[in-house]
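Please go through the contacts of this model with me. Short questions, short answers.

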Amino acid sequence: MACSSLGLLLLLCLRGVMSVDQVPLLVWSHERLDWGGHHPPSAGHVVETSELYVHLSHAVQPSSSLVIFMQDKLSVDDFTKYGAVHDDDKHTGVFKNVKDLFGRAASKLFLPAVDWKAAAAVVEFARERLGPDRREFDEGPGYSQVPRNLDPHQPNLVVYRLPATAGDSASLRRAAIAENDEIIGNTLATLTSSGINFTAIYTALRPSRVAGSSASLGNPSDVSRGRKLLAVDSTVTQSTYKPLAFSGNNGSCILFWASNITLVYTEVAGGKAVHIELADLTFNNSVVDLSNSSCSSDNATLSLTYYNVSTFPSLTLRFVMINQYYQVTKKNWFSVKSVEVDYADTTATFNTTYISSLEAFSYHCQFLSSSSYYGGYLYANNDQAPKWTVTFQNFQIQGFNVGNSSFSYASDCASFFTPAIWMFLVSTTVLVLILTYGVQKILAITTLDRFDDPKGPALAISQSD
């Protein structure tokens with residue numbers, strides 16, 4: 001069956017795809033497409049930009065309509081973890097609509113490992129391929145309605161930027177992916193009933209896992225308080241984003257970087273949460289406004305302003321930092337005093353703890369979040385803050401003593417002794433004490449001397465008596 005073959009292909013390709021710098025890409029159509037003799041790549045092969053364009057040039061025709069579903073993050077692991085791809089039943093897993101549509105398609109192509117930069121440029125390629133006569137519809141993130149003025153007699157390009165799927169737990173991500181799958185199913189069902197022939201593409205802007213990091217948003221086991229010095233993992237930085245730099249009068253004075261920036265807004269308890277991903281907008285697309293940032297020798301403020309993000313016309317993420325001299329250490333220390341979220345003329349303020357470092361160093365933490373699930377380094381300071389959950393992964397910032405637009409050595413939030421090490425030391429100490437006590441008691445045992453020596457002469461009893 002088509003679904004079982006898709007599941008087998010996914011499982012086989014997962015073994016070969018060891019890097020996480022790629023995203024999957026699915027193409028299907030109810031029309032017969034001529035792939036030009038090009039076959040799907042072998043397991044483990046990473047499809048680069050030129051090769052992807054060759055495949056898509058046969059799927060995207062200037063006379064046809066194209067529907068692109070662009071998710072924020074997706075990896076082949078998501079299919080195997082949430083999609084029940086091994087199950088022949090098309091109505092199981094969170095990708096039930098995608099499985100059904102892909103299985104019934106007359107022509108289909110599954111690329112499990114596409115370079116994420118190439119996948120992110122699919123929309124631009126489609127614009128060039130369909131030509132200037134196309135009718136384009138791109139309503140921004142969260143838009144799920146079918147445009148009413150589609151013309152079946154000329155090429156149409158409809159881009160759906162699906163809602164963000166990153167969350168504080170696997171259950172939230174699973175629910176978000178399932179919601180996107182429903183959007184895909186309902187949208188294509190409406191297009192089919194309208195009599196419009198189309199080709200569909202489903203892919204993502206970024207992989208759901210970050211290369212170079214063994215931790216993920218769902219594994220906060222390594223979170224602990226404390227400090228140690230470490231060099232920045234250059235492989236992680238280079239394979240994802242470049243640090244964001246704010247320049248003052250004397251050059252770069254603030255550096256900031258994170259592999260993931262996730263904001264979750266909930267108006268009321270138990271209400272529907274709005275997930276906002278800002279990493280790509282901050283470091284890749286460079287649409288963030290830094291005009292309200294400032295820096296001096298004693299104070300620094302990094303203000304990141306985004307426009308038309310999710311349901312917010314304007315959203316600002318602000319870091320307030322101070323630099324102070326401490327008599328005890330005879331050195332200057334900088335610290336992040338607060339993290340603020342400005343929205344709708346309202347400010348949610350979070351106080352911070354342990355986010356400090358020597359002036360000559362930067363500060364790094366694997367997870368920095370207002371959620372206790374990740375260690376709770378950010379604490380709500382006003383009534384608006386509990387409505388927000390702010391999470392940074394691989395967070396690094398330097399507000400003073402910045403030179404050559406690169407981070408200094410980092411003071412890390414991870415301690416020398418993790419909870420696991422403390423448990424081992426305490427358990428080992430208790431067991432050693434018990435063993436020592438037992439050995440001392442055994443050595444203290446002495447032979448009783450109130451009985452006769454069993455090796456003495458035998459007792460003789462006369463039989464005449």
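The turns below cover salt bridges, a disulfide, strand pairing and buried residues.

This is a predicted model, where local features need pLDDT of at least 70, side-chain atom pairs count only at pLDDT 80 or more, and totals for chains, interfaces and linings use all residues. Residues are numbered from 1 along each chain as its sequence is written, and side-chain values use heavy atoms, with hydrogens and water left out.

Q: How many salt bridges does a search of the whole structure find?
A: A salt bridge here is a side-chain nitrogen of Lys or Arg within 4 Å of a carboxyl oxygen of Asp or Glu. Searched over the whole structure, the total is 6.

Q: Which helices hold lysine 96 and glutamate 182?
A: The side chains of lysine 96 and glutamate 182 form a salt bridge, 3.6 Å from N to O. The pair links distant parts of the chain, 86 residues apart. Helices (H or I, at least four residues) and strands (E, at least two) are DSSP runs, numbered from the N terminus. Lysine 96 sits in helix H4 (residues 96-104) and glutamate 182 in helix H7 (residues 170-193).

Q: Is lysine 96 buried or partly exposed?
A: Buried means under 20% relative accessible area, exposed over 50%, and partly exposed in between (1.4 Å probe, protein chains only). Lysine 96 has 32% relative accessibility, so it counts as partly exposed.

Q: Aspartate 181 is buried yet has no salt bridge; which is the nearest side chain of opposite charge?
A: Aspartate 181 is found in helix H7. Leaving aside neighbours within four places in sequence, its contacts (heavy atoms within 4.5 Å) are Val94, Phe95, Lys96, Asn97 and Val98. For charge, Lys and Arg count as positive and Asp and Glu as negative, while His and the chain ends are not counted. The nearest side chain of opposite charge, 6.2 Å away, is that of lysine 96.

Q: How many residues apart are aspartate 100 and arginine 104 in helix H4?
A: Their side chains meet in a salt bridge at 3.0 Å, N to O. Aspartate 100 is buried at 17% relative accessibility, whereas arginine 104 is partly exposed at 45%. Both lie in helix H4, and about one turn of the helix separates them, 4 residues.

Q: Which strands are tied together by glutamate 340 and arginine 318?
A: The closest N and O atoms of this salt bridge are 2.6 Å apart. Glutamate 340 is buried, with a relative accessible area of 16%, and arginine 318 is buried at 18%. The two residues lie in different strands, so the pair ties together parts 22 residues apart in sequence: strand E15 (residues 331-343) for glutamate 340 and strand E14 (residues 312-326) for arginine 318.

Q: Which residues are linked with Arg318 in a network of salt bridges?
A: Arg318 forms a salt bridge with glutamate 340. The network also takes in an aspartate, and the residues linked with Arg318 are Glu340 and Asp342.

Q: What is the torsion about the S-S bond of cysteine 253 and cysteine 295?
A: A disulfide is a pair of cysteine sulfur atoms within 2.5 Å, and the count comes to 1. Here the sulfur atoms are 2.0 Å apart. Cysteine 253 in strand E9 (residues 251-257) and cysteine 295 in strand E12 (residues 294-295) are 42 residues apart, so the disulfide links distant parts of the chain. The disulfide is left-handed because the torsion is about -85°.

Q: Which residue in E20 stands opposite leucine 368?
A: Two strands pair if DSSP finds at least two bridges between them. Strand E18 (residues 362-369) and E20 pair in the antiparallel sense over 6 bridges. Opposite leucine 368 in E20 is phenylalanine 392.

Q: How many of the 11 residues of strand E20 are buried?
A: Strand E10 (residues 260-265) and E20 pair in the antiparallel sense over 6 bridges, with leucine 263 opposite valine 390. Strand E20 (residues 388-398) is largely enclosed by the rest of the structure, because the number of its residues that are buried is 10.

Q: How far apart in space are phenylalanine 246 and leucine 290, C-alpha to C-alpha?
A: Phenylalanine 246 lies in strand E8 (residues 244-248). It is buried, with a relative accessible area of 13%. In sequence the two residues are 44 residues apart, and in space the C-alpha to C-alpha value is 7.2 Å.
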